[in-house]
Amino acid sequence: MIWHITKRELYDNLNSLRFALTTVLLFVLMLINAVIHVQEHPERMQKYHDATTASVSALRSRTDLFSIAQEGPGNLYKKPSPLYFCAEGGDIFLPDYAYGISRVQIANNLRAFWSLYYPGAFPNIFNVRPDTVKVDWGFVIGYVLSLITILFTFDSISGERERGTLRLMLSNSVPRHTVLIGKFLGALVSISVPFTFAILMNLSVISVSSDVHLGADVWIRLVIIFIIAILYLCLFIALGLLVSSSVQNSVTSLVILLLTWCVFVIFIPSTFASIASGFSSPMAYDEYFKRRNQNIKELKEEYVALLQETRGFPDKKIQIDSEYLAKGTEQEERLSQEQLTQQIAQIQLARSVTRISPVTLMQHLLEVFVGTGFERHQQFLDNVQRYAREYREFVTDMDRADPNSRHIIGVREGMSQKPVNPESIPAFEDEISLSRDFNAAAIDLFLLILFFVVLMSGTYLRFICVEV
Amino acid sequence: MLSTLIRRELLDNLMTFRFIATVVIMLLLVVANTFVLINDYDQRLEGYNAAVNANHERMQERTTYSSVSISWDVVRPPNLLSIFNVGLDKRLSNEIFVHHGFVPTLWDGQVHGSTNPLLNLFSSIDIVFIFEVVLSLMALIFAYDALAGERERGTLRLVLTHPVSRAKILLAKYISAMMCLLVPLLMSFLLVVILLTTSPIVSLKVDDFLRIGGIVLSSIAYLSIFYLIGLLISVITRRTSTALMLAMFVWGFLVLVYPNVILVLITSAESSQERLVPAFNQIEQIWEEFDRERKDYLANDPIPGEDSHLGVAGGSGFDEIWHKAKSTLLYTYLAISYVNKLDDEFEPRVPHVQNYYRTIVPKTIDAAERAWLVRKQALESVFFRPAIVDRIFLRFSPVGMYDAATQAWAGTDLFGLRDFYEATRKYRRTLIDYLYDKNAFGDRKWFSSDKGAVDWDSSPQFSFQRSDVHVNAKRALPDLLLMLMMNLILFWGIFFVFHRSEV
């Protein structure tokens with residue numbers, strides 16, 4: 001019986017104007033998306049490749065342990081995602097690199113070791129072109145598809161009630177929940193058919209082009225993304241059915257749905273983010289520089305004072321040099337870490353608050369599985385910090401392995417003088433793992449399913465008790 | 001007769017649920033966002049004041065003419081009307097340094113007062129954006145069944161049996177619907193203005209009220225376009241459900257899809273970097289020529305060696321920087337010296353140093369000016385013109401026209417921001433004139449403060465006056481006219497179709 005109702009819904013929809021318009025719109029958007037990705041992606045990969053090669057070769061050009069320990073690894077780049085076309089995730093506003101260099105001069109011949117710095121991305125300072133939203137899957141699913149879903153469902157119950165066919169149908173021996181499920185499936189199938197075809201067309205354009213290579217694990221991710229999209233679709237169908245079954249006429253139903261859509265999809269993400277980000281104010285750049293200069297000044301003064309005492313004891317001077325150098329490095333790294341932590345905390349708060357909107361949930365999920373956006377950026381930063389530890393360990397290990405060294409890290413005379421094999425210096429590898437992505441996605445996925453279940457049970461209860 | 005028709009329509013519309021719901025939602029959105037936006041403006045204003053003070057302090061610390069010439073930082077104040085349409089106001093650089101050796105442009109600025117660049121991840125909205133989305137949707141919902149619905153119910157036939165011309169019916173529908181739709185629009189503007197005037201940090205001037213008036217006018221024109229689009233759909237379709245679907249898809253296309261898609265499609269394939277190369281080479285030549293002259297001078301003057309500082313104070317307290325950036329055609333030479341103690345043995349050299357700067361600094365200014373001519377042209381053609389083309393394409397959707405018109409009124413459009421950079425260039429000229437007046441280049445204080453520091457109190461201060469209202473109006477006028485024209489065309493089209501259609 002369910003199948004019967006579904007089929008009827010499906011036939012109704014397939015002949016309608018909205019189905020034709022939906023199909024055209026989705027195909028055009030997906031085609032544009034694919035063509036642009038095919039054009040842009042090789043460039044992006046090339047840029048990443050060139051940058052990493054340059055930074056690795058700079059790293060490998062050093063042969064003595066002291067300069068390796070002092071200069072640091074240089075620029076560390078974030079690997080672009082091959083699925084960039086699915087969700088761009090505001091990637092241009094996230095810096096695509098971090099760097100570890102030596103910057104702090106403690107005294108004339110004493111420079112602190114490298115430490116990690118996190119640059120900010122200001123892509124728009126020189127950009128006079130108008131603002132736009134990137135046409136990626138996230139946009140197509142989040143905005144266009146959700147609007148289409150509303151247009152498919154707003155009259156599915158209220159329309160039948162207006163025409164009187166609902167009464168007719170329910171006078172047969174069909175349980176109400178069967179009708180509801182049939183309607184739900186009918187809407188789901190009739191929207192997901194053009195959507196699926198549009199996606200397949202998009203993927204075939206991308207995979208046919210020789211410049212873009214999609215590996216096996218990428219296809220798994222694509223399947224997950226598709227499932228998320230369908231789940232998001234279901235949520236809006238449930239919303240549509242809920243409003244449609246509780247309202248007497250279909251125009252009212254549409255007005256309510258459209259206003260809800262506007263508020264939740266368009267306004268809440270940005271308004272709530274602005275409100276939430278007002279609660280905390282991270283360290284401003286001016287303050288950062290002020291504190292940094294203050295720290296360095298204090299360190300210098302302390303060092304100079306101590307240096308007076310060690311005059312005539314070269315061994316002691318080396319000890320103090322090493323100690324102050326470590327201090328300088330540490331405080332430098334701590335400060336930039338502090339700033340970064342504050343910035344991330346602010347963004348995370350804003351992101352949690354905007355989770356009230358399903359479109360944000362969907363976009364978070366997409367970003368996580370695509371490997372772009374904020375979650376991915378944090379993963380990149382973790383990778384960078386892990387690499388920094390590895391790099392430092394490498395230096396101490398190399399030094400320890402040399403019996404002739406005095407094991408005073410930080411001073412040229414105190415360290416191993418043996419040349420280092422350039423190949424053995426660890427290079428930065430930015431990796432992403434599917435299991436970690438699942439962990440990051442858990443909350444969003446849970447919330448999305450919860451929203452759906454709540455809406456669906458609401459619809460069920462509403463439809464069971466409603467008078468026809 | 002017309003008034004009867006209007007009254008009937010008005011009562012029909014005002015009593016509906018859709019009307020009340022949209023008004024409530026709209027007002028809620030406007031109020032919530034106005035608070036957020038005022039708060040945001042407040043923060044930016046604070047950042048602006050802090051930056052101005054910091055620059056002032058930094059300037060007081062400078063003791064020589066040449067060292068202060070690199071810290072004449074100029075800060076762009078936030079635009080109050082960016083609350084209505086933020087445009088480029090928050091985005092472009094808001095701090096720029098003014099120096100005699102280089103002509104500042106939009107591409108040389110920095111961002112001050114930013115606490116968290118990651119916040120750009122969240123899109124920001126303004127009042128005009130709310131209208132763009134909600135008002136247009138509302139107008140279409142009002143319009144789609146205006147004629148199709150009456151036709152379906154048969155009341156249209158009934159009305160036409162009376163001796164009423166069809167034009168009158170259309171006009172009555174249009175006037176009454178616009179009266180309804182103006183209620184939420186004007187109420188929202190009123191609320192925003194009330195919130196703005198009661199807020200302690202904001203002070204609105206008469207000019208600002210006129211600009212807001214311009215924004216209201218553009219909003220009405222925008223609203224009317226969408227109502228007429230809805231009416232047109234209503235006239236050409238037989239059934240309300242078809243009209244509704246068509247209206248919604250047209251809305252989705254015009255508001256959601258077109259503005260975002262079109263810009264991606266027209267992006268030129270040619271890389272902007274490559275087109276800048278010839279200009280950069282030209283600029284490089286100008287500066288290399290300058291450098292040759294400078295070195296010639298140093299080689300020929302009585303002090304041996306090519307030290308730019310002529311050996312005064314052994315080279316400490318002197319910096320020489322070449323700034324180059326290929327991507328923005330930046331190329332300049334900065335020489336700063338801030339000697340605070342001069343040993344007696346160097347005293348004989350002082351006149352030579354004075355002579356050197358007296359000759360070289362004007363040459364720097366001259367080179368900067370010549371490079372600017374090349375640079376201006378290249379930057380215009382590579383960055384500015386595509387941005388203008390983008391905006392032309394955006395205007396194929398009413399959203400683009402509306403956005404452009406309101407930005408022009410608010411002064412947050414490209415031209416409004418260009419005014420600021422124009423002002424910085426003017427400020428640079430007045431500074432140079434000031435330095436000439438003081439005969440600063442040949443002065444001992446140009447490079448050394450051992451015989452007293454420079455007094456900065458009399459130096460010209462930067463102040464940025466936004467363009468007058470009539471300039472805003474002139475910039476908004478094309479878009480406003482475009483919107484009016486579109487209104488007329490749509491109205492004429494509706495009339496034409498309606499006149500010939502069977503009832």
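Two strands pair if DSSP finds at least two bridges between them; strands (E, at least two residues) and helices (H or I, at least four) are DSSP runs, numbered from the N terminus. The model is predicted: local features need pLDDT of at least 70, side-chain atom pairs count only at pLDDT 80 or more, and totals for chains, interfaces and linings use all residues. Residues are numbered from 1 along each chain as its sequence is written, and chains are lettered from A in the order in which they are written.

**Exercise 1.** Find the bridge partner of A:Y99 in β5(A) and describe the sheet.

Solution.
1. The partner of A:Y99 is A:Y117.
2. β2 (residues 97–101) of chain A and β5(A) pair in the antiparallel sense, over 3 bridges.
3. The open sheet has 3 strands in the order β1-β2-β5 (chain A), with antiparallel pairing.
4. β1 (74–77) and β5 (115–117) of chain A are at the edges with a single partner strand each, so one side of each lacks a neighbour in the sheet.

**Exercise 2.** Check the span of helix α7 (residues 176–208) of chain A against its expected value, and locate its kink.

Solution.
1. The expected span is 1.5 Å times one less than the number of residues.
2. For the 33 residues of α7 this gives 48 Å.
3. The end C-alpha atoms are 47 Å apart, which agrees.
4. A kink of about 25 degrees (the angle between axes fitted to the seven residues ending at a residue and the seven starting there) lies at A:S192, shortly before the proline A:P194.

**Exercise 3.** Describe the side of chain A that touches chain B.

Solution.
1. Contact requires C-beta atoms, placed from the backbone, within 7 Å.
2. By this criterion 52 residues of chain A are in contact with 59 residues of chain B.
3. α9(A) gives the largest share of the chain A side, 16 residues.

Conventions. Contact = placed C-beta atoms within 7 Å.
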